[in-house]
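Open the structure in your viewer and follow along. Each stop tells you what to select and what is there.

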Amino acid sequence: TTTSNNTDQSTSSSAITDAERKKQQAADSQRCNKFIERGISRNVTIQFLLDRLTSLGCEPPRGFMSCMDCGDRMAGGGFGVLMEESADLSQSKKGVQSESQIKELLDKQKEGKTKIRLLPEIYLCQNKGRLIDEDHAHKALVHELIHAIDLCRTKMDPFNNCVQFACTEIRAENLSGECDWWKEMIHGQTWKKGFSGHNQVCVKRRALLSVKANPNCKDRAEESVDAAFARCYKDTFPFDRHPNLKH
């Protein structure tokens, strides 16, 4: 009888935990989707970038921006999903790809076993610990839209060409406003490096982390960022000038 009671209590506790988790996921999803809706309807930078994508001939498809549960992945969002060319899109499931899943696809292509393609779509990590507030969400969307612009206007191969990958990361970090000096100060970065030139330091640091996350570029991340930095940091397309810096 004692064993049975313990089992029942354990099952009940597990069920409550699972119910709470689902409730939190639903709340996170609703919050995240509201951020996306407000970004599209109110944020002039997001609206401008979406318009530019259309004018460049890359009209965003339905469901282009969405929210996902990213689990333990330390990210605010992402752009693009790698798929085998032979895969049936109608049967594909949206989801955050792990580094090991990306590496497996890239290795299969290197071995000549498949060809892969990058599906253009933007996702935000809806988890509350990843998505701090609406401002954070909108900066993340701008970041990913810069990647979409770059993929649209050039014949880039970011997962295999590490300098190209570094370039689009440099541009996205620089133009999104994610290196705002106040945010850097809160995280202790400006106190470490000083205020002068903090934007360049932040952009290079964050771009390097992103390039290292690409299995094909992990060992060449620093040299790729260095090779692309001067040219890509100055490139403010599609803006006439940097949208955030005042000088």
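**Start at Phe 64**

Select Phe 64 in this predicted model. Setting aside neighbours within four places in sequence, Phe 64 is in contact with Leu 53, Phe 79, Pro 120, Glu 121, Ile 122, Leu 145 and Ala 148.

**The largest core**

Now widen the view. Phe 64 belongs to the largest nonpolar core, which has 26 residues. Add Leu 124 and Leu 145: with Phe 64, they have the most contacts inside this core. Next, color the elements that give it two or more residues. These are α1 (2-42), α2 (44-55), β1 (65-68), β3 (116-125), α4 (134-153) and α5 (162-176). Which element gives the most to this core? Select α4, which gives 9 residues.

Then color by domain. Domain 1 (21-88 + 95-153) and domain 2 (155-246) both give residues to this core, so the core lies between them.

**A second core**

Another core lies apart from the largest one. It has 18 residues. Select some of them, including Cys 162, Phe 165, Cys 202 and Ala 221.

**Where α4 meets α5**

Last stop: show α4 and α5 together. Their axes come within 8 Å and cross at roughly 140°. Are the two helices parallel or oblique to each other? Angles over 145 degrees would count as roughly antiparallel, and α4 and α5 are therefore oblique to each other. The crossing of α4 past α5 is right-handed.

Show the side chains here. From α4, select Lys 139, Val 142, His 143, Ile 146, His 147, Ile 149, Asp 150 and Arg 153. They meet Thr 168, Glu 169, Arg 171, Ala 172, Glu 173, Leu 175 and Ser 176 in α5.

Note on methods. Residues numbered from 1 in each chain as written. Predicted model: local features only at pLDDT ≥ 70, side-chain atom pairs only at ≥ 80, totals over all residues. Heavy atoms only, no water. Core = buried A, V, L, I, M, F, W, Y, C linked by side-chain atoms within 4.5 Å. Buried < 20%, exposed > 50% of the residue type's maximum accessible area, 1.4 Å probe, protein only. Helix = DSSP H or I, 4+ residues; strand = E, 2+ residues; numbered from the N terminus. Domains from an automatic or database assignment. Contact = heavy atoms within 4.5 Å. Axes fitted to C-alpha atoms, helices over the stretch in contact; angles between N-to-C directions. Parallel < 35°, antiparallel > 145°, perpendicular 65-115°, else oblique. Left-handed = near helix turned anticlockwise from the far one by under 90°.
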